[in-house]
Amino acid sequence: MVDAKEILNINCDNSINVNDQDLQCLLESFPESFQCCAIFGKSRGGKSYAMNVFRKKLEKNCSDNLPGFECRTGSKGVTSDFWMMPVSKKIEESSFLFCDAEGAFEIGKSAEVSAKLLAISAAISSCLIINIKQSIDSAELNFFNAFLTNIETNNSGKFEDLVFLVRDWGYPDEHKFGLDGGNKYLASLKDENLSKIMSLFTKTQCYLMPSIGYEQVKNPNYCFYYNKKHVDQEFDEHCEKFVDEVILKIEKTFKKNLLKDRLHQIVNIVNTNERISLYDIQRANDEILILKEQAENSALQTSEKCNLIANEIDALKLETQVAKETENQLIEQVHNLEQEVQNVSQVNQQIQETNQNYASQVTVLQSQVNSGGGRRRRRRRLGIKF
């Protein structure tokens, strides 16, 4: 399977480009439809590592190796720009596209870029995962709301699913680990910024995830390996549950042939507009669908016309074949007639030669008759008796 590809590049002026070559390479290995899952959050929050673990669970990968997005330990962020990775669940033959954006509010990074990447992540995903460490607090919500203030809804539409993934949750006595405890925790929060964030999405959930465990973290290479002997058992179980209860429950699917145009449209919107309108994104998606439908209808009509022309050509070929066979038959008849004429001509020639022979014989006989009659007359004149 194709490895992770860097699909969006961020320029020095904070504009974003689509890497069409790598996107095309990634899409070639993909089925016609799939679910898209993107993750977004602060730098050094373990976003890439979490997506790699979810991929391992989806693909039932028994190896200790942890393939996928690049990640490593340290204080500095690893992921830059915007990456995509194909994931295949072999049992149900489901396909997913995982997206990973560079960490927000990283030193030396622009808040404008983070706002654009958040809008793109939300616009192209069936499910957007907001990665948060330990708990959802006002500062965290203000952080995300700072990016979302530039997104206008105008009650014209919503993004798909949103999931707050709270990592290293430390209060399981108040709210249990998992989706049920997370949703109860989310419902207990009364915050204007949270309400605004939730208003942008069709459905919002929260999952409380336990810590990975000290034995795994103290290994300097833990980002590259995942061994159940080292990770906390509760963490491993909840990674399985997150896949089963969140990722595999994603309903919205995307068509492969629409993703490229959709991504270009959204990138164009975030590059050219100071305020990102959800209506513009929805309209862009609708326009893409209309254009694709028109193209498909045109292709269908063209195909039908080609079929009609092909049928006419086949009919003409058949007529030509029949005419050719008739022509061959006529040629054969002419040949036979010519042969008969030649035979008749030979017979006539033989008859003529026979007649000539008869005529010659008659002439000879006549001459002989004439010669015999003259002798008798002479004998009579001389008185000679016969």
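User: Which residues form one aromatic cluster with F54?

Analyst: This is a predicted model. Rings of Phe, Tyr and Trp pair if their centres lie within 6.5 Å. One cluster brings F54 together with a tyrosine and another phenylalanine. The partners of F54 are Y207 and F242.

User: How many aromatic pairs does the structure hold?

Analyst: The pairing cut-off is a centre distance within 6.5 Å. Under that rule, the count for the structure is 5 aromatic pairs.

User: W169 and Y171 form one of these pairs. Is the pair stacked or edge-to-face?

Analyst: The ring centres of W169 and Y171 lie 5.2 Å apart. Their planes make an angle of 75 degrees. Planes over 60 degrees apart fall in one class, so the W169–Y171 pair is edge-to-face.

User: Are W169 and Y171 buried or partly exposed?

Analyst: The cut-off for buried is under 20% relative accessible area, and exposed begins over 50%. W169 has 5%, so W169 is buried. Y171 has 44%, which lies in between. Y171 is therefore partly exposed.

User: W169 also pairs with Y185. What class is that pair?

Analyst: The two ring centres are 4.7 Å apart. The planes stand at 50 degrees. That angle is neither under 30 nor over 60, so the W169–Y185 pair is tilted.

User: Where along the chain do W169 and Y185 lie, and how many residues apart are they?

Analyst: W169 sits in the loop between β8 (159–167) and α5 (179–188). Y185 belongs to helix α5. The pair thus links distant parts of the chain, and the separation is 16 residues.

User: Is Y185 buried or exposed?

Analyst: The relative accessible area of Y185 is 8%. The limit for buried is under 20%. Y185 is therefore buried.

User: Which strands pair with β3, and in what sense?

Analyst: Strand β3 covers residues 33–41, and 8 of its 9 residues are buried. With β6 (residues 127–133), β3 shares 5 bridges in the parallel sense. With β10 (residues 254–255), 2 bridges form and the strands run antiparallel. The partners are β6, parallel, and β10, antiparallel.

User: Which residue of β10 is the bridge partner of F34, and which residue of β6 stands opposite I39?

Analyst: On the β10 side, F34 is bridged to a phenylalanine, F254. On the β6 side, I39 faces an isoleucine, I129. The two names are F254 and I129.

User: Is V87 buried or exposed, and what separates V87 from K56?

Analyst: V87 lies in strand β4 (residues 82–89). Its relative accessible area is 1%, so V87 is buried. K56 is 31 residues away along the chain. The C-alpha atoms of V87 and K56 are separated by 9.0 Å.

User: Where is S110, and what separates S110 from N14?

Analyst: S110 is found in the loop between β5 (94–101) and α3 (111–124). S110 is partly exposed, at 23% relative accessible area. N14 lies 96 residues away along the chain. The C-alpha separation of S110 and N14 is 7.6 Å.

User: What share of the contacts in the protein chain joins residues at least 24 apart?

Analyst: The protein chain has 10 helices and 11 strands. Of its 386 residues, 40% count as buried. Among contacts between residues at least 6 apart in sequence, the share that joins residues at least 24 apart is 75%.

Terms used
Residues are numbered from 1 along each chain as its sequence is written. This is a predicted model: local features need pLDDT of at least 70, side-chain atom pairs count only at pLDDT 80 or more; totals for chains, interfaces and linings use all residues. Side-chain values use heavy atoms; hydrogens and water are left out. Buried means under 20% relative accessible area, exposed over 50%, partly exposed in between (1.4 Å probe, protein chains only). Helices (H or I, at least four residues) and strands (E, at least two) are DSSP runs, numbered from the N terminus. Two strands pair if DSSP finds at least two bridges between them. Contact means heavy atoms within 4.5 Å. Rings of Phe, Tyr and Trp (its six-membered ring) pair if their centres lie within 6.5 Å; planes under 30 degrees apart count as stacked, over 60 as edge-to-face and the rest as tilted.
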